[in-house]
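Hi there,

Here is the structure I promised to pass on to you. Have a look at it first, and then read on for what turned up.

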Amino acid sequence: MNFKYLLTNKLEVKKSNKLNFEKHSKIKYNKIKIKGRNNCITTSDNSVLKECHIEITGDNNNITLSANSKVAKCKIQITANNSYIKFDENTNIQGSNIHQFSNEGTISIGEYTTFTGVNLISEETNNQIIIGKNCMFSYGINIRNTDSHPIYDLDNYLINKGKQVTINNNVWVGMDVTILRGSNIEDGCVIGAKSLVSGNINKKNSIVAGVPAKIIRENIKWERKFK
C-alpha cells in the first residue's frame with residue numbers, strides 16, 4: 001500500500017488483513033477499521049473510495065472496487081465470515097449503507113449501476129443480493145434478503161428463512177421503495193415511488209407500482225436523460 005494513503009485516511013487494520021490499493025485509485029478521507037483475519041479491501045485502476053466509513057469484523061471477507069467504480073459517503077459494515085462485496089466497473093454508489101451480515105454471502109452490484117441513497121441489508125448464511133448492469137436507484141430505498149428476526153410455527157419450524165434478492169439489468173427503482181427477501185425483478189422494469197416489492201416481477205420492460213407492487217403497464221423502456 002502506498003504511504004500516501006496513511007496520510008489521508010484513518011486506518012485501524014489488524015495484522016493479516018490487507019489493503020490492496022492500486023496506485024492509480026483515489027482513496028481519501030475514509031475511516032477503515034478491520035478486525036479478524038485475512039480480510040481484504042481491493043481497489044482497481046481509476047476507482048474512487050472517498051469519505052466512507054468501513055468496518056469489518058470476522059475472517060476471510062473481501063470488498064472489491066473494479067476499474068472506474070466510485071463509492072463515496074457510504075457506510076459499509078461486514079460482520080461475517082467468508083463474505084464478499086463487489087462493485088463492478090463504472091458503478092457510482094453515493095450516500096448509501098451496505099450491511100453484510102451473511103456468512104458465505106455475496107453482495108454484487110453490476111457495472112454502470114448507480115445508487116443515490118440505498119440501505120442494503122444481507123443476513124443469514126449463504127444468502128445473496130445480486131444487482132445487474134445499468135440499474136438506477138433513487139434515495140430512501142431499502143433492500144433486504146432477510147426479515148432479520150426468525151418466525152417459527154408451533155412445531156419450531158422456521159417459516160421465514162432468508163431468500164436471495166435478484167434485481168436484473170436496466171432496472172430503475174424510484175424513491176422510498178422497499179424490496180423484500182425473495183424478490184426477483186426482471187430486466188428493464190421501472191419500480192414506482194413508495195412501492196413494496198415482495199416476490200417475482202416476472203415480465204420484462206414493465207412499470208410496477210403499489211403496496212404490494214403490481215404490474216401496471218407493459219412493453220416500456222426508460223433512459224437516464226431526456227433526449
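Asparagine 156 sits in the loop between E17 and E18. Its phi is positive, about 65°, although asparagine 156 is not a glycine. With a relative accessible area of 64%, asparagine 156 is exposed. Please keep in mind throughout that this is a predicted model.

The loop between strand E17 (136-144) and strand E18 (165-167) also holds isoleucine 159, which is partly exposed at 47% relative accessibility. Together with Ile151 and Tyr157, Ile159 makes up a nonpolar patch on the surface, and the accessible area of the three adds up to about 330 Å².

Aspartate 147 is another residue of the loop between E17 and E18, and this brings me to the charged pairs. There are 6 salt bridges in the structure. One of them joins aspartate 147 to arginine 181, with 3.2 Å between the closest N and O atoms. That pair links distant parts of the chain: arginine 181 is in the loop between E20 and E21, 34 residues apart from aspartate 147. Both ends count as partly exposed, aspartate 147 at 34% relative accessibility and arginine 181 at 22%.

A second pair you may want to look at is aspartate 176 with lysine 194, a salt bridge whose closest N and O atoms are 3.1 Å apart. Here too, distant parts of the chain are linked: aspartate 176 is in the loop between E19 and E20, while lysine 194 is in the loop between strand E22 (190-191) and strand E23 (196-197), 18 residues apart. Aspartate 176 is partly exposed, with a relative accessible area of 30%, whereas lysine 194 is exposed at 52%. The backbone of aspartate 176 deserves a glance as well: its phi is near 60°, a positive value in a residue other than glycine.

Glutamate 223 and lysine 227 form a salt bridge too, with the closest N and O atoms 3.8 Å apart. Glutamate 223 counts as partly exposed at 44% relative accessibility, and lysine 227 is exposed at 88%.

Back to the backbone for a moment. Valine 211 and proline 212 are joined by a cis peptide bond, with omega about 0°. Proline 212 belongs to the loop between strand E25 (207-209) and strand E26 (214-217).

Now for the interior. The largest nonpolar core has 45 residues, and those touching the most other members are Ile63, Phe87, Ile131, Phe137, Ile143 and Ile167. Take isoleucine 131 as an example: leaving out residues up to four places away in sequence, isoleucine 131 touches Ser108, Ile109, Gly110, Thr113, Phe115, Leu120, Phe137, Ile143 and Ile167.

Serine 183 is a polar residue to set beside these; at 1% relative accessibility, serine 183 counts as buried. Serine 183 is in the loop between strand E20 (178-179) and strand E21 (184-185). Beyond residues up to four places away in sequence, serine 183 touches Gln164, Val165, Thr166, Val197, Ser198 and Gly199.

Lysine 75 lies in strand E10, which covers residues 75-79, and counts as partly exposed at 37% relative accessibility. Apart from neighbours within four places in sequence, lysine 75 is in contact with His53, Ser96, Asn97 and Ile98. If you would like a distance to check your own script against, the C-alpha atoms of lysine 75 and leucine 196 are separated by 24 Å, and these two residues are 121 residues apart along the chain.

Finally, the cysteines. How many disulfides does the structure hold? The count is 0. For cysteine 135, the closest cysteine sulfur is in cysteine 189, and at 10 Å it is too far for a bond, because a disulfide needs the two sulfur atoms within 2.5 Å. Cysteine 135 is buried, with a relative accessible area of 0%, and cysteine 189 is buried with a relative accessible area of 0%.

Happy exploring, and do write back with any questions!

Best wishes

Conventions. Residues are numbered from 1 along each chain as its sequence is written. This is a predicted model: local features need pLDDT of at least 70, side-chain atom pairs count only at pLDDT 80 or more; totals for chains, interfaces and linings use all residues. Side-chain values use heavy atoms; hydrogens and water are left out. Buried means under 20% relative accessible area, exposed over 50%, partly exposed in between (1.4 Å probe, protein chains only). Patches are made of residues with over 30% relative accessible area and no salt bridge: like charges are joined within 9 Å, nonpolar side chains (Val, Leu, Ile, Met, Phe, Trp, Tyr) within 5 Å. Accessible areas come from the Shrake-Rupley method with a 1.4 Å probe; for residues, only the protein chains shown count as cover. A salt bridge is a side-chain nitrogen of Lys or Arg within 4 Å of a carboxyl oxygen of Asp or Glu. Helices (H or I, at least four residues) and strands (E, at least two) are DSSP runs, numbered from the N terminus. Contact means heavy atoms within 4.5 Å. A nonpolar core is a set of buried Ala, Val, Leu, Ile, Met, Phe, Trp, Tyr and Cys residues joined through side-chain atoms within 4.5 Å.
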